[in-house]
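Here is a set of short exercises to work through with the structure open beside you. Try each task before reading its solution.

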Amino acid sequence: MLIRRASDIPSSEITPESVYMNRRAFMGAAAGVAAALVPGSLAACDAEAAQQEQEKLTPYEDVTQYNNFYEFGVDKDDPARNAKNFRTRPWSVAVEGHVAKPATYDLEDFLQPHKLEDRVYRLRCVEAWSMVIPWRGFPLRDLINRVEPTSKAKYVEFVTLHDPKQMPGQRVGILSWPYVEGLRLDEAMHPLTLLATGLYGRDLPNQNGAPLRLVVPWKYGFKSIKSIVKIRFVENQPTTAWMRAAPDEYGFYANVNPNVDHPRWSQKKERRIGEFRRRDTLMFNGYMEVASLYSGMDLRRYF
Amino acid sequence: MQSRTVRNLALLKTALWAACLFPLARLVYAAFAGRLGANPIEAVTLATGKAALVILLITLLVTPVRRITGWNRLIQVRRPLGLFAFFYALLHFLTYVVLDLFFDFAAVGEDILKRPYITVGFAAFVLLIPLAITSTRGWIRRLGKRWQTLHTLVYVSSVLAIVHFFWKTKADFREVQVHAAILAALLLVRIPGWYRRLRPVSVRR
């Protein structure tokens, strides 16, 4: 597979892995790289760019030891422990539904045409904590263009692997397995929406959704479905796993929104992992460039 | 025989103190060893809340066990257990106010008023305060029969604690169900006793 960085990043700003791994030395370098890699900062106003410059990457250890991946257990440290022997090869991804070119791909063939790039995104969990993560992946829109959805395709539905033998959480009816997520087609086509295969410049650890996951940085973390085996182009809005579990608490859109509380807790603030005081949660997690996708929509109703 | 049960009781009390201090010791150790994980405040909140609930349930176990075994001196472990439950509930509450919200009393107030799981959790904690205060010998003497009545609040508090746990659970209800079942059993075994006490005096000779 071809790994090419985004053309606008000078090679001098690419951080070598030794620096990634060395936290203390890394902190200083991180701010500059983060600002360069966050696409939002390129387009957005200076104030926002300045704010993003200060964003410090969440340490690799925390990104990979504190996970919500219920297929491997509900406690935050369960996935790292229970996903150790998860087999991600061979792996196939089925593209189905209203597309000109439906097919089931071997993972390597699926990834082969795409240029991987590194992007630093904020991740805001619906549980009111957040991280800053350097992902590696490619825009979902590149895949969509490749498989050519027909005019009937209005939504994209994603499905996680269903394999209770390997995924102990699936032996219990915590959610209705397999995990399902979805995006409106225009959300899926947005340049920020990423299909990720790695983080911190290396392959995704199993507990982070290896070998292929979604990253939608302006939505709560649960939208960013992990270990994807199926991508379906559909006409009607998919019912996601969390909508099925608690429809009054988790909506289809799940946009990060400090003004719309979760029925049980406030979404005004969040705790950035590694910080003591809570910080204000930003509309669309600070990615205001997506606002136009929702113009005229009542985000209280479509939460 | 007498001295042996006394010795057993002393041993039991020592074990009780050790067991009840264990969750705190583990937290302190983890904090200094840097082993509280990526979200230490959440870890402390969960651990103290869990300790409070478990010790509260163990407190409710004392009376049924005493009835069944006839070992009346066992009553002596009930007060320390109850106070330990209160101690962890207090730590749980302080973790939330000090560490989590850092004295943002407006946010605390809003949570208590607007978030049902926090409302009931707070109520469960508040109800334990008079029980802790009146747990001394002096208060027991002063309140007389009313002390018993006052301390039935422990049942209300433990039910609220379980509701708090239920309402904060996201998807996996197994753990809270186990605790709820244990509380239900502990309340059920008391029903015959309550029933007897409510019957008219004529039943007793």
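## Exercise 1: Two prolines in loops

A:Pro178 sits in the loop between E5 and E6 of chain A. This is a predicted model, and your task is to look at the backbone just before that proline.

Task: Find the omega of the peptide bond from A:Trp177 to A:Pro178, and say whether the bond is cis or trans.

Solution.
- Step 1. Recall that most peptide bonds are trans.
- Step 2. Read the angle: omega from A:Trp177 to A:Pro178 is near -5°, and the bond is cis.
- Step 3. Now go to A:Pro90, in the loop between helix H6 (78–82) and E1 of chain A. The bond that joins A:Arg89 and A:Pro90 is also a cis peptide bond, with omega about -5°.

## Exercise 2: Buried or exposed?

Task: Decide whether A:Met167 is buried or exposed, then do the same for B:Leu12.

Solution.
- Step 1. Place the first residue: A:Met167 belongs to the loop between strand E5 (155–160) and strand E6 (180–184) of chain A.
- Step 2. Count its neighbours. A:Met167 has 24 C-beta neighbours inside 10 Å, so it counts as buried; the cut-off is 20 or more.
- Step 3. See what it touches. Beyond four places in sequence, A:Met167 is in contact with A:Glu71 and A:Phe72.
- Step 4. Check a separation: the C-alpha atoms of A:Met167 and A:Gly182 are 22 Å apart, with their positions 15 residues apart along the chain.
- Step 5. Turn to B:Leu12, in helix H1 (residues 2–32) of chain B. B:Leu12 has 16 other C-beta atoms within 10 Å, so it is partly exposed.

## Exercise 3: Positive phi angles

Task: What is the sign of phi at A:Phe284, and what is it at A:Asn285?

Solution.
- Step 1. Start from the rule that most residues other than glycine have a negative phi.
- Step 2. A:Phe284 is not a glycine, yet its phi is positive, about 50°. For A:Asn285, phi is near 55°, again a positive value.
- Step 3. Locate them: A:Phe284 is in the segment after strand E12 (279–280) of chain A, and A:Asn285 is in the segment after E12 as well.
- Step 4. Count neighbours inside 10 Å. A:Phe284 has 22 C-beta neighbours and therefore counts as buried; A:Asn285 has 25 and therefore counts as buried.

## Exercise 4: One strand, two partners

Task: Which strands pair with E1(A), and in which sense?

Solution.
- Step 1. Strand E1 (residues 92–97) pairs with strand E2 (residues 103–106) of chain A in the antiparallel sense, over four bridges.
- Step 2. These two strands form a hairpin, with five residues between them.
- Step 3. E1(A) also pairs with strand E10 (residues 228–234) of chain A, in the parallel sense and over four bridges.
- Step 4. Follow A:Ala94 through both pairings: its bridge partner in E2(A) is A:Thr104, and its bridge partner in E10(A) is A:Lys230.

## Exercise 5: Helices of chain B

Task: How many helices and strands does chain B have, and what span should helix H3 of chain B reach?

Solution.
- Step 1. Chain B has 10 helices and zero strands.
- Step 2. Helix H3 (residues 78–100) has 23 residues, so at 1.5 Å a residue it should span 33 Å; its end C-alpha atoms lie 31 Å apart, which agrees.
- Step 3. Look for a bend: H3(B) bends by about 25° at B:Leu94.
- Step 4. Try helix H8 (residues 153–168), whose 16 residues reach 22 Å, close to the expected 22 Å.
- Step 5. Among the buried residues of H8(B) are B:Leu160, B:Ile162 and B:Phe165. The buried residues of this helix pack against helix H2 (40–69), helix H5 (116–133) and helix H9 (174–188) of chain B.

## Exercise 6: How far to trust the model

Task: Where in chain A does pLDDT stay under 50?

Solution.
- Step 1. Begin with the averages: the mean pLDDT is 88 for chain A and 93 for chain B.
- Step 2. In chain A, pLDDT stays under 50 over residues 6–16 and over residues 18–47.
- Step 3. Where pLDDT is low, the predicted coordinates should not be read in detail.
- Step 4. For the complex, the predictor gives an ipTM of 0.87 and a pTM of 0.85.

Definitions and conventions:
Residues numbered from 1 in each chain as written. Chains lettered and ligands numbered in written order. Predicted model: local features only at pLDDT ≥ 70, side-chain atom pairs only at ≥ 80, totals over all residues. pLDDT = per-residue confidence, 0-100. Contact = placed C-beta atoms within 7 Å. Pairing = 2+ DSSP bridges. Buried ≥ 20, exposed ≤ 12 C-beta atoms within 10 Å, placed from the backbone. Expected span 1.5 Å × (residues − 1). Bend = angle between axes of the 7 residues up to and from the residue.
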